[in-house]
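Me: I would like to go through this structure by question and answer. Please begin with the term that the first site depends on.

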Amino acid sequence: MEEFLNHFKSHSRADQRWLSAVFEAVQQQFSPLLDSDGVSVVRLAQSVVEKVQRAVGSDYTDLPVSYRIVSVSELIRDQRTACCSSLHWSSAHYRDQAKKAEQMLPNYKALPRDNLLLIGFLCDGRADGTSEGEWRVRDAGGSVLCMMLKSSCLWLGRLMLFPTWNYIPQNAPGAAGYLEVVDPPVCVTLEAMTFDPGGALTEVMSVRHAAELLAHSCEDQVCVGGQVCVVGPLLFICGKRFFCLVLSDGGSSVALFIREPKHQYWRQCVCVGQSVWISSLRACSLHGLEGRRVLTDSCQSRLHPHTPLQEDSEEQDTHSTADDTRTPADAAHSLADATHTPADDTHLSGPAVRVKRSTIISFKGTVMKILNAEAGLYELDGQVGLCLAYQPTQKWGGGLRPGAEIQLHNVHFTYQASPFAPRVVLWACLRSSVQITAFSRLCSELQVLGPHGALQRLLLERNLGPSQYLWLCYCQKAIAERLSPRWVRPDRVCVVAGRLLDVVCDAEQKTQKKRNIYREMIQEPHHCPITMYCVRWPSAALWSVQQLCVWMLREVWSSLSLPALLSASAAHMTALELNAALRWSSVELRLEEASPDPLLLLGVLELQAESATLQLRDHTHTLHCLCVRRDYSPNISTAWQGCLVCVRRCTLVMERFMKTNFPSWKHLDQPSYITHKHCRVYLQLCMDDLIIISPSSSMSRHLADSKHTHAQGHAHRGCGESSKRPRSADAGVCERADSSAECVSLLFRLERKHGVTLQNVSADTHTRQLGFMCRAVCVGDVQRWSHDPKNSRIQERERDGGGQTVELHFTGSCVRWFPVLHPGCVYRLIALNTEDVGVLEAKGVSARGGVTQLSSPALLLQPQWRIHTLTEEPADAQAAAPALMSVSEVLHSSSAPEIVSFHGIISQRITLQEDNEAKPKNKSVSSAADTQEDLRVRLTVQDAECPGLMVHVYLDLSCGLYTLGLIAGAALQVHHVQRRVSRACNVYCRSLPISYVSVTGLRSVCSGPTAAPPPPPMMLLGSWASVRSQKCLVGQVKGHVVCVLSLRLQWICSLCSSIFTQTTCGRTHPPCDSTSAVFQAEGKVVLEDGTGEAHVWFSSESVCDLLMLNTVQWEGLQRLIRVKGHVKVYTRGRTMTCDDSPDDSLIQYLSCLCSSIRVCRQIHLTCRWRAQKTGKSQLRKVHRGQTEFICKFPPALQLQCQHIHTR
Ligand SMILES: [Zn+2]
Ligand SMILES: [Zn+2]
């Protein structure tokens, strides 16, 4: 030490201290690694100081005492944040550079500067037991990975001073960071560096010569010189690490495989465009290349840069690459070229997918963003994507941090390969070279990746093309954000993404030919999986539940057109009728209609208690689902709960509720008359259309069982969708693993289910909660299990005993089971974590005062109990689901019970006016929005087979749950409603608290866009008049108009319905100041068709057609009526007359018109049966010769015309 310090006697104390620190470091860190016959510690320390001084520049006598010498182990141990250090830079220079870098990428901060002095040996990693072709900096304490922009093989094993470097730490425990060496290191050891050619360098062979030589067999070792045109990625195959170099010279090229472990670091020392000599190369043939021979290195091989690296190579490099380095603008150019060569376009299968050939380019750019580190996706220059997935993963992402400048050679250029990636994507393949030309000056998060990410593994396993890979990455990201970790474990995200890829791609479109990586690396012309790509395909977008929900909420109001909601008679409606018609409306759309590109939804199905529906959910949102089956059976299995499903087809249902006070139809364009509006949006899912991506454990057992039964029976009648269902139970969906717990179970068959209503929690409190009751028959006694049987097959012992009828009460959160319980099905009820069979035993309900009620024993379900649908029917099950009546049976059967259940199709829904009487309102508790809804509706339900037969069902939805899907065209089952007969002998139904309605299908969902509902039946008046078929509500009639009985034309006030003359309302007590009037007309004719006759009523809009008037005539007539306000003519004898002024010309005209043959003609109508107020027969005098009879005639059939088919 003293000997060393003697050289610096003139220096200050601070300098001396710094110098002794340097000496200690040299003594401890470096000299142990030097050969014993090497230089002394003193000379080494002197040399270090000298090199440091020279690196600092300016004044040779100054010492950089502000710099602390740091050992590798210290760096790794203590440096927790990224930093940079430079001996060259002044503070001003650093600030300037940092500012520039931050301006370019404002989201990042520049690397902070630390004054650290780093010295170490450059090694290639073999000393650490690796030969991964990387540089490492070593001292006695350890080693750290380092990356260099340019390096020389002459540096191997030398002690180096690193003037400028960045250190990027990795803060995970046990992981070291890495160094980015910015300025070339300076050799500290004294001896002159001389090139040892090693082996004979007698003859340097040209590339052309070498290529010729390879064609013949040659055993000699050769030395080849040429320009590097490809530096392949480092590969690790069959336990061997190697990389491929291609040298070219003029038109010929030759491939070299560098396979010796000690030569792997050469990869860092060569770059594209550089000229090199490599000695002692041997020719050999590679397995998998069909006898084609390549050159490989031998133990004695040496790499020799043709031109001294430090000085000239830089210039030469930029020169050689300048020609073929393109900017994005150029890239766009080559896109134009590519699109103009239609010969490249081929079609895979079907015309939808366009396949294009990628072009090969070189590119220079700056990394702006890491799009997806795991997927190897980066963004360059703000508009170009870079994908490195087809190359082996590079450690630390290969220094590709935001702000790094890179140069790419031989990368594939694709344009619009996927809608979910930048339009231009560059792809590095096994023949591409990716080289960093400047390290980033910015701090960035370091993302550590395994040797093979799950995405890359999937890429290799399935041999994916570039477009499919981009879609997979998009999908993986979406799943990770929306479903992981709650429903999909992080390590299963890629598996789920892969299954979705199966959904959008057919097998043939996905897999390409088997790969041969050697051929991909060396064959000319080059061909690899990226050579061909699909244009914008797969284009299916994966919407989150929230995205869809937002879209629907926007669409529901943007699609609102008030005139379209009203029938043609809107112009004749009073304000009351008009506003009532606007109260409720619905929109149904297919999912495909929401976006021009195909849409997929991914979510988990869950049961929800508050609305007693199944819902589709992800992290972003939940949507209620109306679940139906293609065969219109209502049976939805409990196994759907917890399934991760992909929805490709479904119906988006949007119901609108509005409160309006429009004075008349003329004001419909003024939205200020809408006083309140809200909506409900939900999905209608057809369970047969769902694609199970990850089944719940019950579902996988259910699928396995049904597969088993299929195999036992005849050949499976598999439909396309179900065969695609995943095979195994390796669900990515997280499920609570509790199958080992002991439990007790009860098997029951559901006989009857009641509707959900608000129930009193207890007698004393006023709080109420939702609940419902079921009646079930126990199939067997309660059983003990050592594990949870879930929905496994029924065991013999479970059928012992039983036969008891029990009442199951569901309240609170147990209401969630409502949509999956169906009369006729068998269920297993399970109480977990107990061995007490008494838990599931039903007890007689004791009423107050200890009196036992006569009802069946009851069981109150507990929230933690589970219910499983069992598909297997027990052998002794006699009764299936109780058969439902049809609408026709409800109407006609005189023996129909008072409480009926039937099925039919909704043809109309009308919201009834709220009663203004102050009855206590039992509003639904489910959401605040419900309080705004008018929940009393009248459904017109028509018979499924005979559309003319209809029954009105009055539902009060206010005391239970809102039922989804009560929309015209929906098939439904109405359970437990009261059948009543009106005074006019009409049959109608009224809901009771026990009633419930389940929709089993919307017209649009399963069948797709089908034709309009079937037309009403053709009726003969004679048979329609007979009492039995009077319940047919709508029918078509062809007949002759015998005469017009009466015609009433009037203008009435739209608000108070008084007669309106000219511009004033006729009401005087109290006066009405309304200015809007509507014209109404009513006509009544006698129609005869040979079998009988009927009185047919025509309302406003059809009167014009009845009278055969054109628009001008009809409007002129209305103007004339306006003078008097109203006119009524009626038949007296053979002419028509009116009460007040029969000689008026208008009356004369109407009278003439009504008796003309234009009106009394053959006519084809659709009519509706009109309720008769008086059911009494009429007594009429009939003359027969001289005799007069008094006959009893049944009242005439009264019909209301709905539509005139012929004018
Ligand atoms: Zn390629
Ligand atoms: Zn009025």
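Reply: Buried means under 20% relative accessible area, exposed means over 50%, and partly exposed lies in between. The model discussed here is predicted.

Me: Is H412 buried or exposed?
Reply: The cut-off for buried is under 20% relative accessible area. H412 has a relative accessibility of 1%, so H412 counts as buried.

Me: Which atoms coordinate the zinc ion (ligand 1)?
Reply: C429, one of the residues involved, is buried at a relative accessible area of 3%. Along the chain the donors are spaced H-x16-C-x96-H-x1-C. H412 in strand 24 and C429 in the loop between strand 25 and strand 26 (433-438) are 17 residues apart and link distant parts of the chain. At 2.0 to 2.2 Å, the coordinating atoms are H412 (NE2), C429 (SG), H526 (NE2) and C528 (SG).

Me: What is the arrangement of the four donor atoms around the zinc ion (ligand 1)?
Reply: Four donors count as tetrahedral if all angles lie between 85 and 135 degrees. Around the zinc ion (ligand 1) the angles run from 98 to 123°, so the arrangement is tetrahedral.

Me: What spacing do the donors of the zinc ion (ligand 2) follow along the chain?
Reply: This ion is coordinated through SG of C1053, C1056, C1065 and C1072, at 2.2 to 2.4 Å. The donor angles of 96 to 119° make the arrangement around the zinc ion (ligand 2) tetrahedral. For the zinc ion (ligand 2), the donor spacing is C-x2-C-x8-C-x6-C.

Me: Is C1056 buried or partly exposed?
Reply: C1065, another donor to the zinc ion (ligand 2), is at 10% relative accessibility and counts as buried. C1056 has a relative accessible area of 21%, and is therefore partly exposed.

Me: How many residues apart in sequence are the parts tied together by F420 and Y474?
Reply: The rings of F420 and Y474 are stacked, 3.7 Å centre to centre with 10° between the planes. F420 lies in the loop between strand 24 (405-415) and strand 25 (424-427), and Y474 lies in helix 11 (residues 466-482), so the parts tied together are 54 residues apart.

Me: Is F420 buried or partly exposed?
Reply: Its partner Y474 counts as buried, at 19% relative accessibility. F420 has 26% relative accessibility, so F420 is partly exposed.

Me: The charged end of which residue sits over the ring of F818?
Reply: F818 forms one aromatic cluster with F772, F810 and Y996. Elsewhere, the charged end of R797 sits over the ring of W785, 4.5 Å from its centre. Over the ring of F818, at 3.9 Å from its centre, sits the charged end of K753.

Me: Which helix gives the most to the largest nonpolar core?
Reply: The largest nonpolar core has 159 residues, and those with the most contacts inside it include L426, Y469, I479 and F810. Nine residues of this core come from the helix that gives the most, helix 11.

Me: How many residues are in the other core, which includes L626 and W1114?
Reply: In soluble globular proteins, nonpolar side chains tend to be buried together. L652, also among the residues with the most contacts inside the largest core, touches residues including L548, W551, V587 and L683. Apart from the largest core lies another, with L626, L891, W1114 and C1138 among its members, and its size is 88 residues.

Definitions and conventions. Residues are numbered from 1 along each chain as its sequence is written. Chains are lettered from A and ligands numbered from 1 in the order in which they are written. This is a predicted model: local features need pLDDT of at least 70, side-chain atom pairs count only at pLDDT 80 or more; totals for chains, interfaces and linings use all residues. Side-chain values use heavy atoms; hydrogens and water are left out. Donors are N, O and S atoms within 2.8 Å of the metal (3.2 Å for Na, K and Ca); water is not among the atoms, so sites may look incomplete. Four donors count as tetrahedral if all angles lie between 85 and 135 degrees; four count as square planar and six as octahedral if opposite donors are over 155 degrees apart and all others between 65 and 115; anything else is irregular. Buried means under 20% relative accessible area, exposed over 50%, partly exposed in between (1.4 Å probe, protein chains only). Rings of Phe, Tyr and Trp (its six-membered ring) pair if their centres lie within 6.5 Å; planes under 30 degrees apart count as stacked, over 60 as edge-to-face and the rest as tilted. Helices (H or I, at least four residues) and strands (E, at least two) are DSSP runs, numbered from the N terminus. A charge sits over a ring if NZ of Lys or CZ of Arg is within 6 Å of the ring centre and within 35 degrees of the ring normal. A nonpolar core is a set of buried Ala, Val, Leu, Ile, Met, Phe, Trp, Tyr and Cys residues joined through side-chain atoms within 4.5 Å. Contact means heavy atoms within 4.5 Å. Lists of a residue's contacts leave out its neighbours within four places in sequence.
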